[in-house]
Amino acid sequence: MASSETHESNRRDFLYIATGAFAVVGAASAAWPLIHQMNPDASVQALASIEIDMSAIPVGQSITVKWQGRPVFIRHRTPEEIKISQETPLEDLKDPVARNAGLGGDVDASDANRVIQPEWLIVVGVCTHLGCIPVKNQGDYNGWFCPCHGSHYDLAGRIRFGPAPENLLVPKYEFIGDDAVRIG
Amino acid sequence: MSQLHGEPYQPKSGFMKWMESRLPIMGLLYPTAVTFPTPRNLNYWWTFGGILMFCLSVQIITGIVLAMHYVPHVSMAFESVEGIMRDVNYGWLIRYVHSNGASMFFIAVYIHMFRGMYYGSYKEPREVLWILGVVLFLLMMATAFMGYVLPWGQMSFWGATVITSLFSAIPYFGDMITQLLWGGFAVDNPTLNRFYSLHYLLPFMIVGVVVLHIWALHVTGNNNPTGISVKSKQDTLPFHPFYTAKDGFALVLFILFFAIFVFYTPNILGDPVNYEKANSLVTPEHIVPEWYFLPFYAILRAIPDKLGGVIAMFASIGVLFILPWLDTSKVRSVSFRPLYRQFFWILVIACIGLGYLGAKPPEGAYVIWSRILTAYYFLHFLVILPVLGILEKPRLLPKSITESVLGNGDGDKAESKG
């Protein structure tokens with residue numbers, strides 16, 4: 001008798017575990033739509049790319065355009081600004097990675113890896129610290145300065161000083177003419 | 001230890017007898033809220049629990065009314081709040097009570113928390129009561145933060161951006177989590193919508209945890225200014241009428257204080273930049289949170305590393321959860337702890353200092369002082385409290401609460417017999 005009791009309790013244990021596991025899977029699959037609904041919806045995703053005519057931006061000026069709800073800085077750099085950026089030693093950079101969505105991977109943050117054409121710097125204008133919009137032509141490196149927590153970016157949008165951990169993100173973009181780009 | 005009870009309820013009318021044998025709700029409430037045995041020596045610092053219940057009720061009632069007029073959409077939110085201020089009958093009053101009510105709620109909760117620290121109310125056997133209080137504090141912070149986003153002013157928008165971006169510091173999953181919170185690639189309409197939904201939900205979660213908080217209180221009973229436990233019935237008084245009267249008087253004074261803000265300086269605690277509509281392309285010169293978050297904001301900015309700052313900020317609240325075990329002294333009240341008394345006030349000054357620094361720009365001496373005070377804050381909890389309990393020689397404790405009130409306790413015997 002003892003052995004048959006053991007047998008019965010084993011079978012019941014199995015049923016408990018199987019039922020419990022089934023309920024956990026069921027609860028998790030019911031929870032997923034409730035979590036995933038919070039992710040960007042189709043209308044937000046649809047704004048994935050924009051085209052910009054840059055012919056009206058004079059040398060030394062910059063504009064801000066809105067892409068995916070975030071500002072993108074397009075800066076028409078002067079030859080001196082390009083020269084300063086290209087001659088910056090890589091060991092002076094706080095974040096050594098290019099952060100270029102078009103290149104990906106671990107390429108270094110040299111100026112060449114931050115732009116497609118040196119005169120056009122295109123970066124997402126969101127401070128990599130806590131998301132404020134940096135102010136142009138300010139800070140110790142005359143690039144951008146974030147007023148929230150004091151991050152200084154240089155003329156290639158690279159973090160040089162302050163709490164921000166990464167360089168300003170370079171979005172994926174391509175030239176669709178001499179002075180026009182498609183971002184995204 | 002089972003639940004403390006006062007004199008049980010005796011139904012007198014036929015209807016109440018009929019009711020009590022079906023739903024004994026008076027049988028539950030009477031001994032816990034009317035005859036509940038309360039230490040006879042509670043001072044006015046103990047009135048803030050009741051004041052906090054009042055604050056929560058005011059926020060829920062005014063909030064439900066405001067929700068009847070508010071529109072949670074980026075193109076309408078700011079205008080609908082202005083509509084409440086200008087067009088809705090008494091809308092200005094209801095909104096000013098709600099927005100200043102948040103500040104009053106935090107004033108009361110900070111006093112309540114520091115009272116708990118001063119008199120050692122978090123110590124055995126009240127650890128769970130204290131932890132539930134810290135949970136309530138976190139829920140209050142989340143509710144206040146989301147509520148501040150709803151008017152969709154510049155500070156609403158950028159405050160939301162900075163605080164949600166804290167989560168981007170989490171390694172690997174950071175960006176996934178911020179996109180999930182935003183419902184997009186930046187703070188936008190989906191964010192406003194969900195914050196509105198959660199801002200309506202969280203106060204009711206607070207109500208639920210308040211019930212647990214009071215339940216836990218009614219198991220251990222109140223602490224008191226001497227910190228020594230209730231030993232006999234003559235150490236206590238029934239909650240009603242003694243403490244309903246005392247709480248009521250304190251509440252009237254608190255309402256007067258509240259009214260000064262609502263009627264005379266309704267915007268002094270807010271930031272004028274929030275009367276500018278949200279603009280996702282321009283960050284205000286100087287982002288500051290509401291005053292009640294400033295000490296934590298100062299800790300966040302004191303650490304020159306993104307993840308480190310976020311960890312330090314959350315740890316500054318997390319450390320409160322383990323406070324009952326960090327304080328090694330068996331003596332509860334500061335009255336009998338000469339050294340802890342000094343360190344308590346230094347901590348209060350450090351917290352006020354951090355609050356001051358949180359409102360200043362992150363540069364020069366402000367940053368250095370933020371670092372010193374942040375280090376001191378953690379030093380207090382993680383080093384001073386554990387060591388002090390071992391080194392400090394406490395003063396002699398009185399034998400009972402009654403003795404501490406009346407000398408040797410003789411004078412009270414007539415009363416307890418009568």
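Start by selecting chain B and switching on its surface: the accessible area is about 20200 Å², and 71% of it belongs to carbon and sulfur atoms. Accessible areas here follow the Shrake-Rupley method with a 1.4 Å probe, and for residues only the protein chains shown count as cover. Before going further, note that this is a predicted model, in which local features need pLDDT of at least 70 and side-chain atom pairs count only at pLDDT 80 or more, while totals for chains, interfaces and linings use all residues. Residues are numbered from 1 along each chain as its sequence is written, chains are lettered from A and ligands numbered from 1 in the order in which they are written, and side-chain values use heavy atoms, with hydrogens and water left out.

**Chain B as a whole**

Change to a cartoon and you will find 17 helices and 2 strands in chain B. Helices (H or I, at least four residues) and strands (E, at least two) are DSSP runs, numbered from the N terminus. The C-alpha atoms fill a box of roughly 75 × 60 × 45 Å along the principal axes. The radius of gyration of chain B is 24 Å, which agrees with the value near 22 Å for a compact globule of 418 residues. That radius is taken over C-alpha atoms, and the globule rule is 2.2 Å times the number of residues to the power 0.38.

Colour by burial next: 51% of the 418 residues in chain B are buried. Buried means under 20% relative accessible area, exposed over 50%, and partly exposed in between (1.4 Å probe, protein chains only). Of the chain B contacts with a separation of 6 or more, 81% come from residues 24 or more positions apart; a contact means heavy atoms within 4.5 Å.

**Two domains of chain B**

Give residues 34-225 + 235-287 one colour for domain 1, and residues 294-406 another for domain 2. The contact takes 36 residues from domain 1 of chain B and 38 residues from domain 2 of chain B. Over C-alpha atoms, the centres of these two domains of chain B are 23 Å apart. Domain bounds come from an automatic or database domain assignment.

**Helix 4 of chain B**

Now select residues 77-86. Helix 4 of chain B is largely enclosed by the rest of the structure, because 8 of its 10 residues are buried. Among them are B:Phe78, B:Glu82 and B:Met85. To see what lies over the buried residues, show helix 3 (48-67), helix 5 (91-118) and helix 9 (189-220) of chain B, which are included in the cover.

**Two cis prolines**

Zoom in on B:Glu124 and B:Pro125, joined by a cis peptide bond with omega about 5°. B:Pro125 sits in the loop between helix 5 and helix 6 (127-149) of chain B. Then go to B:His240 and B:Pro241, where a cis peptide bond has omega of about 10°. B:Pro241 is found in helix 10 (residues 239-264) of chain B.

**The loop between helix 7 and helix 8 of chain B**

Which residues does B:Leu166 touch, not counting residues up to four places away in sequence? Select A:Leu130, B:Leu300, B:Val310 and B:Met313 to see them. B:Leu166 lies in this loop and is buried, with a relative accessible area of 2%. Its C-alpha atom is 9.0 Å from that of B:Gly309, 143 residues apart along the chain.

Stay in the loop between helix 7 (154-165) and helix 8 (174-182) of chain B for B:Tyr172. Is B:Tyr172 buried or exposed? B:Tyr172 is exposed, at a relative accessible area of 81%, and its phi is near 65°, a positive value in a residue other than glycine.

**Across to chain A**

Select chain A, which has 3 helices and 10 strands. Its C-alpha trace spans about 95 × 35 × 30 Å along the principal axes. Chain A has a radius of gyration of 26 Å, whereas a compact globule of 184 residues would have one near 16 Å. Colour domain 1 (1-39) and domain 2 (45-183) of chain A separately; their centres, taken over C-alpha atoms, are 52 Å apart. Burial here covers 42% of the 184 residues.

Finish at A:Arg99, in the loop between helix 3 (79-87) and strand 4 (120-124) of chain A. A:Arg99 is not a glycine, although its phi is positive at about 55°. At 27% relative accessibility, A:Arg99 counts as partly exposed.
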